[in-house]
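Colleague: Could you take a close look at one part of this model for me? I'd like to hear about the charged pairs and how well covered their side chains are.

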Amino acid sequence: MRLAGLRQRTLTGDRVSLEQLLVRPPAVLLRSNYRAGQYSGEQRWLSHPLAARVRAGKTLQTDGRRWTCMGPLLAGEIERLRKESAR
């Protein structure tokens, strides 16, 4: 993420709660769209009515597989995210 020009805030347990997003929205929210058509228990909070009220400065989508595998396709994704986050 640092190479893409992004920095993760320090979070307790590396997790953010819905309440934290509402009180202190991020400048950029990076979301994985990996298996977007499948229900994920980890992302179920995004369907909560309060989640629609989060006013992140910018939401960027990325394919989480590239970050997990760290293969050569990640270089292009880093460049794309750097350009999008700078806009």
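Modeller: Let's start with Glu77, which sits at a relative accessible area of just 3%. The cut-off for buried is under 20%, so Glu77 counts as buried. Keep in mind that this is a predicted model. What does Glu77 pair with? Its partner in a salt bridge is Arg66, and the closest N and O atoms of the two are 3.3 Å apart. That pair ties together distant parts of the chain: Arg66 belongs to helix α2 (residues 64-69) and Glu77 to helix α3 (residues 73-86), with their positions 11 residues apart in sequence. Arg66 itself is partly exposed, at 31% relative accessible area. So this bridge joins a buried acid to a partly exposed base.

As for the chemistry, side chains of opposite charge can pair when their charged atoms come close.

Now stay in helix α3, where Arg80 and Glu84 are 4 residues apart, which means about one helical turn separates them. These two also form a salt bridge, and here the closest N and O atoms are 2.4 Å apart. How covered are they? Arg80 has a relative accessible area of 28%, so it is partly exposed. Glu84 comes in at 23%, and it is partly exposed too.

The two pairs don't stand alone, by the way: Arg66, Glu77, Arg80 and Glu84 are linked in a network of salt bridges. Within that network, Glu77 is the buried residue at 3%, while Arg66 is partly exposed at 31%.

Back in helix α2 territory, there is another pair for you to look at. Arg65 and Asp63 meet through their side chains in a salt bridge, at 2.6 Å from N to O. Asp63 has 15% relative accessibility and therefore counts as buried, whereas Arg65, at 45%, counts as partly exposed. Altogether the structure holds 4 salt bridges.

If you want a contrast with the charged groups, click over to Val54, which lies in the loop between β1 (28-32) and β2 (58-62). Despite being in a loop, Val54 is buried, with a relative accessible area of 16%. What does it touch? Leaving aside neighbours within four places in sequence, Val54 is in contact with Leu18, Leu21 and Leu22. Arg24 is worth finding on screen as well: Val54 and Arg24 are 30 residues apart in sequence, and their C-alpha atoms are 9.0 Å apart in space.

Definitions and conventions. Residues are numbered from 1 along each chain as its sequence is written. This is a predicted model: local features need pLDDT of at least 70, side-chain atom pairs count only at pLDDT 80 or more; totals for chains, interfaces and linings use all residues. Side-chain values use heavy atoms; hydrogens and water are left out. Helices (H or I, at least four residues) and strands (E, at least two) are DSSP runs, numbered from the N terminus. Buried means under 20% relative accessible area, exposed over 50%, partly exposed in between (1.4 Å probe, protein chains only). Contact means heavy atoms within 4.5 Å.
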